[in-house]
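Let's walk through a protein model together, one question at a time. Take a look at it first.

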Amino acid sequence: MIIMTTTSPPKRTWFDIVLTALAPVIWGSTYIVTTQILPPDRPFTAALIRVLPSGLLLLLYARRWPARGDWGRLLVLSALNIGAFQALLFVAAYRLPGGLAAVVGAIQPLLVMALAWGVEQRRPLASTVWAAVAGVVGMGVLLLSPGTVFEPVGIVAALAGAASMATGTYLTRRWRLNMPVLALTGWQLLLGGLMLVPVTLMVDPALPSLTGLQIAGYAYLSMAGALLAYALWFRGIARLAPVAVSSLGLLSPLTAVVLGWVLLGQAIRGLAFVGLAMVFASILAVQWTASRT
């Protein structure tokens with residue numbers, strides 16, 4: 001008897017990639033909402049309002065408690081993916097132009113590959129490395145373009161936020177907590193929000209009387225930017241390679257720049273356009289390579 005076998009690539013469909021990509025696209029709108037709608041100079045308040053209500057809503061729906069042995073890891077993931085990342089994201093959003101704040105996060109794919117190599121001794125494919133490097137080079141070209149305003153605190157916050165999210169993305173896939181995606185998302189949003197409460201009370205001034213537009217802005221950041229986006233993000237982590245997921249985070253700068261161009265009349269020209277094109281090409285190359293291996 002002759003048994004014939006065929007090998008086929010894993011079913012990482014482009015449908016999963018597109019759904020996961022919606023999360024960073026939504027996050028890319030954070031910058032224009034923050035600078036144009038929200039009250040000024042309240043980054044931790046914005047982060048808290050974004051994650052805590054959506055976490056409560058998800059847990060009321062999911063009604064699932066973590067296993068006793070998962071609490072420690074869940075706290076770590078909540079701090080990395082939500083608490084630290086959201087706080088740093090809004091610090092950068094208040095201090096940097098939207099596209100610049102998001103493009104600094106181009107280091108995420110390289111950080112994820114470095115973690116996989118250093119912890120698991122899994123050497124990344126050369127093509128994936130070069131694609132991720134192209135994204136970092138594109139980031140550098142954009143940072144060095146004429147007219148770029150360097151704000152040290154904003155740059156450091158954006159870099160630290162990228163490192164926090166990259167580590168959280170890697171550990172979420174590595175640990176694979178035995179929870180449905182909505183319950184996992186809800187617990188991380190809730191715990192991360194609770195971590196932000198003392199920082200918000202100590203650092204940010206109290207909110208003024210909010211206009212209807214500002215209330216709508218906070219509601220959008222919470223319902224779309226946290227509840228929907230994180231559910232899609234963690235779903236993607238469960239189905240795609242970590243480096244592929246993290247590279248999709250580069251869609252944030254593209255979204256931020258396009259929104260600035262369409263809504264605020266911010267021009268894209270010269271080196272800045274070249275840098276953005278390189279970042280976009282990096283995203284496509286990483287997805288193509290990851291989907292075929």
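Before we start, here's a term we'll need: two residues are in contact when they have heavy atoms within 4.5 Å of each other. Also keep in mind that this is a predicted model.

Q: Which residues does Gln-188 touch, not counting residues up to four places away in sequence?
A: To find Gln-188, go to helix α9, which covers residues 181-203. Leaving out anything up to four places away in sequence, its contacts are Leu-74, Leu-77, Ser-78, Asn-81, Ile-82 and Phe-234.

Q: Is Gln-188 buried or exposed?
A: A residue counts as buried when its relative accessible area is under 20%. Gln-188 has a relative accessibility of 0%, so the verdict is buried.

Q: Which side chain makes a polar contact with the side chain of Gln-188?
A: Such a contact needs a pair of N or O atoms within 3.5 Å. For Gln-188 the side-chain distance is 3.0 Å, and the partner is Asn-81.

Q: How many aromatic pairs turn up in the whole structure?
A: Rings of Phe, Tyr and Trp pair if their centres lie within 6.5 Å. Searching the whole structure that way gives a count of seven.

Q: What kind of aromatic pair do Trp-27 and Tyr-230 form?
A: Planes under 30 degrees apart would be stacked and over 60 edge-to-face, with the rest called tilted. Here the centres are 5.0 Å apart and the planes meet at 55°, which makes the pair tilted.

Q: How many residues apart are Trp-27 and Tyr-230?
A: Trp-27 is in helix α1 (residues 14-28), while Tyr-230 is in helix α10 (residues 212-239). The pair links distant parts of the chain, and the separation is 203 residues.

Q: Are Trp-27 and Tyr-230 buried or exposed?
A: Trp-27 has 5% relative accessibility, so it counts as buried. Tyr-230 has a relative accessible area of 0%, so that one is also buried.

Q: Which residues form one aromatic cluster with Trp-27 and Tyr-230?
A: We've already met one of them, as Phe-234 is on the contact list of Gln-188. The cluster partners of Trp-27 and Tyr-230 are Phe-85, Trp-233 and Phe-234.

Q: Which residues form a nonpolar patch on the surface with Val-258?
A: Val-258 is in helix α12 (residues 251-264). With a relative accessibility of 41%, it counts as partly exposed. The patch has about 430 Å² of accessible area together, and the other members are Trp-261, Val-262 and Leu-263.

Notes:
Residues numbered from 1 in each chain as written. Predicted model: local features only at pLDDT ≥ 70, side-chain atom pairs only at ≥ 80, totals over all residues. Heavy atoms only, no water. Patch = residues over 30% accessible without salt bridge, like charges linked within 9 Å, V, L, I, M, F, W, Y side chains within 5 Å. Areas by Shrake-Rupley, 256 points an atom, 1.4 Å probe, with all protein chains shown as cover. Salt bridge = Lys/Arg side-chain N within 4 Å of Asp/Glu carboxyl O. Helix = DSSP H or I, 4+ residues; strand = E, 2+ residues; numbered from the N terminus. Buried < 20%, exposed > 50% of the residue type's maximum accessible area, 1.4 Å probe, protein only. Polar contact = N/O pair within 3.5 Å; in protein donor to acceptor, adjacent residues only side chain to side chain. Phe/Tyr/Trp six-rings, centres within 6.5 Å; stacked < 30°, edge-to-face > 60°.
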